[in-house]
Amino acid sequence: MVAWRSQHFLDEGRRAGIDQEILNRAVEIAEHTLRVPAPGEPILTLGHLAHMTGVDHDYLRATISRAGEDPYREFTIRKRSLPGQPPRLRYIAVPEPLLMTTQSWIASEILRRAPCHKASVAYAPGSRLATAAARHCKAKWLVKIDVREFFESITEIDAYRVFLQRGYQPLVSLELARLCTRLRLKHRSSTAWLPARRRVEWRWKRTKGGIDNCDQRLLGVLPQGAPTSPMLANLAAWRLDETVQEISDTFGVRYTRYADDLTFSSPRKEFGRARCIQLIGRIYQALGERGLAPNTAKTVLAPPGSRKMVLGLLVDGARPRLSKAFRNKLRMHLHFITRPDVGPARHAEQRGFTSIEGLRQHLLGLTAFATQIDPAYGAECQKKLRSAPW
């Protein structure tokens, strides 16, 4: 709940000897923020944000101006590759502690409260994979489209617009957008990876009378690894969701978006392959108009009689179900960690985990997910997990 109280602010300001006109303007700004749906904490200035987060003002100013060393630590994780293709890497950029503190506050006190589009089923309060997948149950035709470089296709201009729509003043919106974006990942040598419409926005002209230390020719993008990026991406994609929802309604299909995964389904067997292909073409066009690009190699069209998977769950029946592959994987892990001649330590080493705790956390996540979908099966798996000699 927003803690701002105008009368308390006015009383404290008067005691501090602040001019009444300044106080009235500050209250007007705060109340403008509080008028938006599900508002976040009012922020008057960068100094006010520094006070709220407990992070030094000079540090925030330097981060906004992009001065000094890059405040992100970058590492890679292996992505799932298609058979016969070389391994692919996902680049993760984690902010340094002070910036992490700031972004975590922004995520919890501003972005977490913002309402998302009804089709957006990731990172929203109370969102669950099972609930998202359930929207596509009894699917006869299923189409899945993946957005290429989703986070990095969302620039600080998009982030600025999100904060502006959340009721913040232009300067504060710019500062918040800068605190939540990064110039570009170190492995990028050019802007060729960006969709064409985004390359036009990648550089802007230097203008007279700009804000000191904020005049940059390069635009930042959302770093994958920052706590603010998922929710900012959701909010920045609102107009895309609206457009895609309109297209889906026209075709009479169900639509959900889980981050960069767009899913469409029809329970009607007569929907047909030709209509699916038309739908895919319209969605590709909508993505292009928003400066996004589909990863065409990952587009899936599943007809009647084929396996229908949404977010790792089978949706061809009346409710989401765990796949056979998931059950086999979990059974394999539980078998080896409970075997006297193997156990957690040896199994972790053989499966490429960096530590026993890493393996344990991985299995805790798998069993928790299994429990959401199949409580009895999940409880049995959790019992076996607890019985292992950790």
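Colleague: What is the handedness of the crossing of H7 and H8?
Modeller: In this predicted model, helices H7 and H8 cross in a right-handed way.

Colleague: Which residues do H7 and H8 span, and at what angle do their axes cross?
Modeller: Helix H7 covers residues 156-165 and helix H8 covers residues 170-179. Their axes come within 8 Å and cross at roughly 135 degrees. That angle makes H7 oblique to H8.

Colleague: Turning to the sheet, in what order do the strands E8, E9 and E10 lie?
Modeller: The 3 strands form an open sheet in the order E8-E9-E10, with antiparallel pairing. Strand E8 (309-310) and strand E10 (321-322) each have a single partner strand, so one side of each is left without a neighbour in the sheet.

Colleague: How many bridges join E8 and E9?
Modeller: E8 pairs with strand E9 (residues 313-314) over 2 bridges, in the antiparallel sense. Within this part of the sheet, Met309 stands opposite Leu314 in E9.

Colleague: Now the interior: how many cavities of 30 Å³ or more are there?
Modeller: The count comes to 1 cavity of 30 Å³ or more. The largest cavity has a volume of about 30 Å³.

Colleague: Which elements each supply at least two residues of its lining?
Modeller: Strand E3 (141-148), strand E5 (261-266) and helix H12 (273-289) each do so. The lining residues include Trp141, Leu142, Phe264, Ser265, Cys276 and Leu279.

Colleague: What classes of residue make up that lining?
Modeller: The lining of the largest cavity has 8 nonpolar and 2 polar residues, and no charged ones. Val253 and Phe271 are also among the residues that line the largest cavity.

Note on methods: Residues are numbered from 1 along each chain as its sequence is written. This is a predicted model: local features need pLDDT of at least 70, side-chain atom pairs count only at pLDDT 80 or more; totals for chains, interfaces and linings use all residues. Side-chain values use heavy atoms; hydrogens and water are left out. On a 1 Å grid over the protein atoms alone, a cavity is a set of points where a 1.4 Å probe fits but cannot get out, and a pocket is an open set with protein on both sides within 12 Å along at least five of seven lines; lining residues have an atom within 4 Å of a point. Grid points are joined across faces, edges and corners, and a volume is the space filled by probe spheres set on the points. Helices (H or I, at least four residues) and strands (E, at least two) are DSSP runs, numbered from the N terminus. Ala, Val, Leu, Ile, Met, Phe, Trp, Tyr, Cys and Pro count as nonpolar, Asp, Glu, Lys and Arg as charged, and the others, Gly among them, as polar. Two strands pair if DSSP finds at least two bridges between them. Axes are lines fitted to C-alpha atoms, for helices over the stretch in contact, and angles run from 0 to 180 degrees between N-to-C directions. Angles under 35 degrees count as roughly parallel, over 145 as roughly antiparallel, 65 to 115 as roughly perpendicular and the rest as oblique. A crossing is left-handed if the near helix is turned anticlockwise from the far one by less than a right angle, and right-handed if clockwise.
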